[in-house]
Every structure is written in structure tokens, then in C-alpha cells.
Amino acid sequence: MIVRNEEQYNAIKEAAQAAATVLDRMCALVVPGMNTYDLDQAGRRFMEEIGCESACYQYKVGSRIFPSWTCLSVNDEVVHGIGTLERVLKEGDVISVDVCTRYNGYIGDNCRTIPVGRVDPELQRLLDVTEESMYDGIKNAVAGNKVGKISSAVQKKVERAGFSVIRDFVGHGVGKTLHEEPQIPNFGRPNDYQRLKRGMVLCIEPMVNMGKHKIAMGEDGWTALSADGSPSAHFEHTVLVGEKGPEILTVPEGKTAPALV
């Protein structure tokens, strides 16, 4: 999608705000002893209150249909985890809360990995580095740059810290559908991939393993896990390639966007 006028801009911004508000409210609920099914159902209720829909509930890939309203991935689960009554969060876990919503015909998509109670310092460093790499990538979402400027910035931050970027899943464009062009890998050289244009809407989302980058698929056919069992982290914002540089759109209601310095 390329935003071309004020009406489109306002619509995509509202959709992104809805997704960010649901994510913020869900993260505030996370405590040891909570199961991921109840957290997912809380996300469903928040969406109903705001008036948006889940863009991942009943999402189809071939004959498979995604059963949850949000994606909840714990510890070594990289992405697309499904909320279940059996998965009870405990002190020292980390959980990636990934919320993608549809509002007034447009999509908002964002994710945050948060600690459950107190976590090991090295695990917290994984979260910090992954989030920092996302902002390093966002700073390069500038018209005229190649997508590779985003990709290389993410990869550099992650690998200098001794962690690994996932190569099987990438960021993407977003607009009226959940996955649009361009694809945005979290690895590559500055001159790789497509050139960015003003008005593009992008989901920039580093997925990072503490160990090696390889993944394995879970028995449910949806959940991706680190192949070596190491913890994983995932951060994501929906971003507009604007006239004056990148603009983060996934900002919860009543809050301000993080400064890009």
C-alpha cells in the first residue's frame, strides 16, 4: 500500500492505533500463573470494545485455519503461537504478544516481547537488543533507501550482540491486507532489495534467537520454534515512510510515539 492522501493516512493510522491499544492492554495483564488462552480471549474482548477485528483469527494458509485472535509465543516459540489453557506462564518466562487487527478496512500490526516477572539478565539483554534493532531498522525507512538499509541495520545490531536473526520469516508491507509487498528481511546488505517510496506502509519486525537462527515447526502446524531450543524475541511496529522521515503508526491511544534519535 502507498498512502496518497489524507483520508488514507487517517484510516491506516486509526487501524494501527487500534492494534497498538489492544497490544498495550494485553501486555499489562501478563503475570505468572496466567494461561495463554485467557490472554488471547482478553485480546478478543479488547478488540470488540474498540470496534476492530482480528486479522489473524481464521487466517487461511492452504487447508490450515489459524484458531486464535492473537499470536502468543512463549520462550523458544518464535512466532504464531496459539493460546491454550495448558500453557501457563511462569516467573522467568518471556512471551511475544503479536496483535494484528482490521479496522475500517485497513490493517494494523505490532508485537512486543515482555518478561513474565523477573527474568535472567541475558534473557533481558535479548529483549533489549531485539527492540533496539527494530528502531535501528525503522530509522532507515526513508524514501529513496533500499529495503536493505533496514535489513542490514537490524542484522548488524543483533549479530554484534552475539544473537541470530531469523531468516525464515520477514517483515512486510501492510495496508488493506495483512501481507503486502515489499518483503523486509532482517538480514542483507544496504543496497539489497526494493527501493522505498514515500507513502509506503511497512511492518518492521526483527525476530531474534539467543542461539542459532534455524527454526522448526510445531505439531500444530503454525507455531515456529527455535531449532536449538534457545529463547526468542520479536518486536514489531507499523511504520509510514513519510515526507519528513519514518513515522511509527502503532501508538496506543493516549500515548506518544517513541522518539527516533
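This text walks through two annotated histidines in a predicted model.

Start with the record. An unreviewed UniProt entry marks His80 and His179 with the annotation "binding site". The two span 100 residues in sequence, yet their C-alpha atoms are no more than 14.4 Å apart, so they gather at one spot. Where is that spot? Both His80 and His179 belong to the lining of the largest pocket.

Now take His80. Find strand E5 (77-79) and strand E6 (94-103); His80 sits in the loop between them. Is His80 buried or exposed? The answer lies in between. Its relative accessible area is 27%. Buried would mean under 20%, and exposed would mean over 50%, so His80 counts as partly exposed. Next, look at what surrounds this residue. Leaving aside residues up to four places away in sequence, His80 touches Phe66, Cys71, Ser73, Phe169, Trp222 and Thr223.

Move on to His179. This residue also lies in a loop, placed between strand E9 (171-173) and strand E10 (180-184). The relative accessible area of His179 is 47%. That value falls between the 20% and 50% limits, so His179 is partly exposed.

Which residues does His179 touch, not counting those up to four places away in sequence? They are Tyr59, His172 and Gly173. Look closely at Tyr59. A polar contact of 3.2 Å links its side chain to the side chain of His179.

Put the pieces together. His80 comes from the loop between E5 and E6, and His179 comes from the loop between E9 and E10. Both help line the largest pocket.

Note on methods: Residues are numbered from 1 along each chain as its sequence is written. This is a predicted model: local features need pLDDT of at least 70, side-chain atom pairs count only at pLDDT 80 or more; totals for chains, interfaces and linings use all residues. Side-chain values use heavy atoms; hydrogens and water are left out. UniProt positions are given in the numbering used here, feature names are shortened, and annotations may be inferred rather than shown by experiment. On a 1 Å grid over the protein atoms alone, a cavity is a set of points where a 1.4 Å probe fits but cannot get out, and a pocket is an open set with protein on both sides within 12 Å along at least five of seven lines; lining residues have an atom within 4 Å of a point. Helices (H or I, at least four residues) and strands (E, at least two) are DSSP runs, numbered from the N terminus. Buried means under 20% relative accessible area, exposed over 50%, partly exposed in between (1.4 Å probe, protein chains only). Contact means heavy atoms within 4.5 Å. A polar contact is a pair of N or O atoms within 3.5 Å; within protein, one must be able to donate a hydrogen and the other to accept it, and residues adjacent in sequence count only if both atoms are side-chain atoms.
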